[in-house]
Amino acid sequence: MSTAGNGPGEEIALETHEISKHFGAVKAVDCLSIAIKRKGMTSIVGPNGSGKSTLMNLLSGTLPLDGGLVIIDGVGLKVVHPYDTPAHGLTRTFQEVRLFDQISVWDNIMVVLTQRRLLPALMERAKPRHKEKARSILESVGMWEKRDSLAMDLSYGQRKLLEIGRAMALDVGIYLFDEPFAGLFPQMLEQVKGILKRMRDQGLTIVFVSHNMDIVRELSDHIFVLDSGTLLAEGEVDEVLRRPDVIEAYLGV
Ligand SMILES: Nc1ncnc2c1ncn2[C@@H]1O[C@H](COP(=O)(O)OP(=O)(O)O)[C@@H](O)[C@H]1O
Ligand SMILES: [Mg+2]
């Protein structure tokens, strides 16, 4: 896990410098520069199509940059390789959950912990260190009881919990969550909120996208509002969400 150091600039966990991604004429992200503080919860909001998911994709290397720089933990990258981001201290979850469907919940965590391809990971699963860690992760996302179920047999909400567990298994300092609350029933939603809060309390840097303004107000220490791929506003959450230009962007008037 990466922790905050004492040097200059150490309070910034993640930064973009004039990053862009265009799809034909659509400027999904357009010359965007933001700086996300270390620790605490930062939310990214904005109307549909404002570039939130594209931003997450660029930060995590899921999509290549057209231009600009992503700076993770002080390291500037013109090309972000998705499989390298954990080594830089960052991981993400997806709006569409991605798991190994044919193996158990337990093995889905083991594969990540052992950082190996599927088969060697399964052979290695008896290691006590990994077993302890897998248990603690499954308990913290409320999936210990489900450890022997196949991932394909999980409910939508349970899949989200397991995906968060898989992200935790990478043991990084910066976590990006794209719409972690979308489509969840109230009880599951509270559970995911609790998990993110605990991660925040452990000193991790949490960045999430959500269109649920109640949750955004409740959880965010800092907020960025995107509109048409550019930064419309940023700052303390209540202050930003009161701004007339932000309200206008949401209402589309
Ligand atoms: N792979 C893609 N190909 C073409 N257009 C895309 C692609 N991904 C996103 N877009 C477009 O880019 C814009 C921003 O999309 P997105 O980042 O998904 O917005 P948000 O997550 O804020 O709803 C939208 O106009 C969307 O249609
Ligand atoms: Mg999106």
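In this predicted model, the buried residues of helix H3 are Val 105, Asp 107, Asn 108, Ile 109, Met 110, Val 111, Val 112 and Leu 113. H3 spans residues 105–113, and 8 of its 9 residues are buried, so the helix is largely enclosed by the rest of the structure. A residue counts as buried here if 20 or more other C-beta atoms lie within 10 Å of its own. Just after H3, Gln 115 adopts a positive phi of about 50 degrees.

The protein is divided into two domains. Domain 1 is made of residues 11–89 and 174–253, and domain 2 of residues 98–171. Their C-alpha centres are 26 Å apart. The contact between them draws 11 residues from domain 1 and 9 residues from domain 2. On the side of domain 1 that touches domain 2, helix H7 (residues 186–201) gives the most, with 5 residues. This side of domain 1 comprises 8 nonpolar residues, 2 polar and 1 charged.

One open sheet has 6 strands. Their order is S6-S7-S8-S3-S9-S10, and the pairing is mixed. Strand S6 (90–93) and strand S10 (230–235) form the edges, and each pairs on one side only. From one strand to the next, the twist averages 20 degrees. H7, which also serves the domain contact, packs on this sheet. There H7 touches strand S3 (40–45), strand S7 (174–178) and strand S8 (205–209). The direction of H7 makes about 150 degrees with that of S8.

At one end of the strand order, S10 pairs with strand S9 (residues 222–227). The two are antiparallel and share 5 bridges. Within this pair, Asp 227 stands opposite Thr 230 of S10. The loop between S9 and S10 holds Ser 228. Ser 228 is not a glycine, yet its phi is positive, at about 50 degrees. Most residues other than glycine have a negative phi. Ser 228 counts as partly exposed because it has 16 C-beta neighbours inside 10 Å.

A second loop residue shows a similar backbone feature. Asp 171 sits in the loop between helix H6 (156–169) and S7. Its phi is near 55 degrees, a positive value in a residue other than glycine. Asp 171 is partly exposed, with 16 other C-beta atoms within 10 Å.

Another open sheet contains 4 strands, in the order S2-S1-S4-S5. The pairing in this sheet is antiparallel. S2 and strand S5 (75–77) stand at the edges. Each has a single partner strand, so one side of each is left without a neighbour in the sheet. Neighbouring strands are turned by 20 degrees against each other on average, direction ignored.

Strand S4 takes part in two of the pairings examined here. With S1, S4 runs antiparallel, and 5 bridges join the two. Glu 15 has Ile 71 of S4 as its bridge partner. With S5, S4 (residues 67–72) again pairs in the antiparallel sense, over 3 bridges. Val 70 has Leu 77 of S5 as its bridge partner. Ile 72 stands opposite Val 75, also in S5. The hairpin of S4 and S5 has 2 residues between the strands. In this hairpin, Asp 73 takes a positive phi near 50 degrees.

Helix H1 packs on the 4-strand sheet. H1 touches strand S1 (12–23), S2 and S4, and its direction makes about 65 degrees with that of S2.

H1 also contributes to the surroundings of ligand 1. The shell around ligand 1 consists of Phe 23, Val 26, Ala 28, Gly 46, Asn 48, Gly 49, Ser 50, Gly 51, Lys 52, Ser 53 and Thr 54. Strand S2 (26–37) and helix H1 (52–59) each supply at least two of these residues. H1 gives the most, with 3 residues. By class, the shell has 3 nonpolar residues, 7 polar and 1 charged. Thus S2 and H1 meet in two settings: H1 touches S2 where the helix packs on the sheet, and both supply residues to the shell around ligand 1.

Methods:
Residues are numbered from 1 along each chain as its sequence is written. Chains are lettered from A and ligands numbered from 1 in the order in which they are written. This is a predicted model: local features need pLDDT of at least 70, side-chain atom pairs count only at pLDDT 80 or more; totals for chains, interfaces and linings use all residues. A residue is near a molecule or strand if its C-beta atom, placed from the backbone, lies within 6 Å of it. Ala, Val, Leu, Ile, Met, Phe, Trp, Tyr, Cys and Pro count as nonpolar, Asp, Glu, Lys and Arg as charged, and the others, Gly among them, as polar. Domain bounds come from an automatic or database domain assignment. Two residues are in contact if their C-beta atoms, placed from the backbone, lie within 7 Å. Two strands pair if DSSP finds at least two bridges between them. Axes are lines fitted to C-alpha atoms, for helices over the stretch in contact, and angles run from 0 to 180 degrees between N-to-C directions. A residue is buried if 20 or more other C-beta atoms lie within 10 Å of its own, exposed if 12 or fewer, and partly exposed in between; C-beta atoms are placed from the backbone.
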